[in-house]
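Subject: Structure handover

Hello,

Please find the structure below, for you to take over. My notes on what was found in it follow directly after.

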Amino acid sequence: MSENKPESGPTVNPRVTWEGCSVLLDINDGDRLLFARLSAGSTLKIGNKTFSLQPLIGCPFGSLFQVESGKEKPYLSRFIPPTEENNVQDEGGCQLQEESRDNRAIIDNNQAQSLTGDDIDAMRRQGATGNEIVEALIANSATFDKKTQFSQEKYRLKKQKKYAPRVLLRRPFSRRFLRVDALSLLLSMANVTANSDVLVLDMVGGLVTGAVAERLGGTGSVCNTYLGGTPYPMEIIRMFNFNNEICKRVLRCSVNDLCAVQNETSEQVSQHEDVCTMESQSDEKISLSVSTEEVHLSSKNGVSDLVPENELSTTGKTCKTPKAGEKAPKEAIQSWKENGFSSLIIAAPEQDAWSLVKDLLPLLTYSAPFAIYHQYLQPLATCMNNLQLEKMAIGLQLSEPWLREYQVLPSRTHPCMQMSGSGGYILSGTRAYSNTSQS
C-alpha cells in the first residue's frame with residue numbers, strides 16, 4: 001500500500017513571519033518575554049500604550065523594532081542598530097581617558113538633569129523620536145561626561161528602555177519553563193536523533209515533547225504518554241509552528257495502554273503457538289484477514305511509515321490535516337511493543353521518579369538511553385539507588401546543569417550579578433538486560 005500524505009497549504013518560509021503564526025516577543029532585551037499570535041488585529045501593550053503587531057507580519061525572525069511617535073498614535077517601526085565603527089576607531093583614546101575617570105565625585109541629588117518633564121512632552125508633541133529624547137537627556141546631564149564608560153552605557157540603556165522601547169522578534173523554540181541548559185542536556189543524554197522512537201512523559205506543558213519533535217524534524221515518532229485517563233496539556237506545541245509532517249509524528253498513548261500491551265505479549269505468543277499446532281494437524285490453510293479499521297505498513301523504525309486512519313484518503317476524499325497529539329493507532333502501539341522505544345525522557349516534577357521509571361523503563365529496547373528531570377535531588381538519588389539494586393540500568397549519572405550569563409563590553413567582561421539559582425537535576429543511564437526484565 002502506498003503512503004498517502006495529507007494535502008498541505010502553500011509553502012511557508014520558516015525564517016519569515018506570516019499571519020497566524022506564533023512568535024516570541026523580547027521587550028527591552030529580556031526585561032519582558034511574551035508569546036503572541038500575529039494577525040491584523042493583534043496588539044502589544046508596553047507601559048500605558050498599546051501598539052499594533054501588524055508591522056511584524058512578513059518580517060524575518062530576529063528583526064528589531066522600536067517605538068516611534070506617530071501623528072495619531074505611537075507605532076512599532078523596524079530598527080537597524082548603528083554600526084560600531086566609530087567606537088572602534090576611538091577605542092584607544094577612550095581607554096586613556098578611562099584611567100583618569102571614576103564616579104567618586106558624583107552625587108546623586110536629582111539636580112544633574114536640567115531637562116524637565118514638560119520639556120520632554122513638548123519634544124514629543126513636536127514629533128521628536130525616542131532616540132532624540134535620549135540624546136537630549138544626555139546633553140543636558142551635568143554628570144554624564146564625568147562618569148566612566150561603563151556607567152555611561154548603563155545610563156544610556158536605562159533611558160532608551162523608557163523613551164524608546166525595543167521589541168525583538170524571536171522564533172519560538174524549546175526554551176521556556178525549563179532552563180535552556182537543562183533541556184539541552186535532556187535531549188543530549190537521551191540521544192534524540194533522526195528516525196528515533198522517543199517515549200516522553202511531559203508534565204511541563206508540552207515543552208519537552210515539542211523539543212523532541214523539533215529535534216527529529218519530521219522523522220521517527222514521539223509518544224507522549226500520561227498517567228490515568230486524561231492526557232497532560234500540550235499547548236506549547238502550537239507555538240512551535242510545526243508543519244503537518246512533524247505534527248503527525250507526535251502521538252499520545254496512556255501508560256496503562258502501553259504497559260497492558262507489554263504484559264499481554266507472553267500470553268499472546270503462547271496462544272499463537274497453540275493455534276499453529278492445531279492448524280498443522282488439520283492440514284488446512286487459513287488466510288488471516290486484516291481488519292478494515294486498521295492500516296498496517298511494515299516499518300523498521302516503529303511508526304516512521306505508519307499512517308493514522310484519519311490521515312488516509314478514502315473514496316476520493318482527503319481527511320482533515322493532522323494535528324500534534326493525536327491518539328496513537330493500534331499499528332503504532334503494536335510496533336512499539338515489538339521493537340521497543342529507542343529512548344525515554346521523563347519531565348514530571350510533581351511525580352515520584354522511581355514509580356514512573358519502574359513502569360516505563362521496560363518499554364525501552366535494550367541498551368536504550370534515558371534521561372529524567374526533576375527539580376529536587378533526593379527523588380533522583382532514590383531512583384538511582386533502586387535502579388542499581390534492581391540491576392535495571394548501567395552507566396547511571398546524576399548531573400546538575402549550571403548556567404551563568406556574562407556581560408561583555410569593550411575591554412571588560414564580568415558575570416551578571418543575578419542568575420538562576422538552580423536548573424534542576426538530571427538522572428541519565430542505559431537500560432540493561434537482566435533476568436527480572438523478562439517478567
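Helix 4, residues 130-139, has these buried residues: G130, I133, V134, A136, L137 and I138. The elements that cover them include strand 5 (64-68), helix 3 (117-125) and helix 5 (149-163). Please keep in mind that this is a predicted model.

As for the chain as a whole, the secondary structure of the protein chain consists of 13 helices and 19 strands. The protein chain has 439 residues, and 40% of them are buried. Of the contacts in the protein chain with a separation of 6 or more, 70% are between residues 24 or more positions apart. The protein chain exposes about 25,600 Å², and 48% of that area is supplied by carbon and sulfur atoms.

Next, the salt bridges. The count for the structure is seven. One of the seven salt bridges joins the side chains of D26 and R170, with 3.1 Å from N to O. D26 belongs to strand 1 (residues 22-27) and R170 to strand 7 (residues 166-170), so this pair links distant parts of the chain, 144 residues apart. The two partners differ in how they are covered: D26 counts as buried because its relative accessibility is 6%, under the 20% limit, whereas R170 is partly exposed, with a relative accessible area of 32%.

R171 also takes part in a salt bridge, and its partner is E214; the closest N and O atoms of this pair are 3.6 Å apart. R171 sits in the loop between strand 7 and helix 6 (180-189), while E214 sits in helix 7 (residues 207-216), so the salt bridge ties together parts that are 43 residues apart in sequence. Both ends are partly exposed: R171 has a relative accessible area of 39%, and E214 has one of 27%.

A further salt bridge is formed by K248 and E245, whose closest N and O atoms lie 3.5 Å apart. K248 counts as buried, since its relative accessibility of 9% is under 20%. E245 is partly exposed, with a relative accessible area of 26%. The pair does not stand alone, as E245, K248 and R249 are linked in a network of salt bridges.

The last topic is the aromatic rings. Searching the whole structure gives four aromatic pairs. One of the pairs is formed by Y366 and Y433: the ring centres are 5.1 Å apart and the planes stand at 75°, so the pair is edge-to-face, an angle over 60 degrees being counted that way. Y366 is in the loop between helix 12 (353-360) and strand 15 (369-374). Y433 is in the segment after strand 19 (425-431). With their positions 67 residues apart, the two tyrosines link distant parts of the chain. Neither ring belongs to a buried residue, because Y366 is partly exposed at a relative accessible area of 36% and Y433 counts as partly exposed at 49% relative accessibility.

If you want places to start looking, I would open the D26 and R170 salt bridge between strand 1 and strand 7, then the network of E245, K248 and R249, and then the edge-to-face pair of Y366 and Y433.

Regards

Technical notes: Residues are numbered from 1 along each chain as its sequence is written. This is a predicted model: local features need pLDDT of at least 70, side-chain atom pairs count only at pLDDT 80 or more; totals for chains, interfaces and linings use all residues. Side-chain values use heavy atoms; hydrogens and water are left out. Helices (H or I, at least four residues) and strands (E, at least two) are DSSP runs, numbered from the N terminus. Buried means under 20% relative accessible area, exposed over 50%, partly exposed in between (1.4 Å probe, protein chains only). Contact means heavy atoms within 4.5 Å. Accessible areas come from the Shrake-Rupley method with a 1.4 Å probe; for residues, only the protein chains shown count as cover. Rings of Phe, Tyr and Trp (its six-membered ring) pair if their centres lie within 6.5 Å; planes under 30 degrees apart count as stacked, over 60 as edge-to-face and the rest as tilted. A salt bridge is a side-chain nitrogen of Lys or Arg within 4 Å of a carboxyl oxygen of Asp or Glu.
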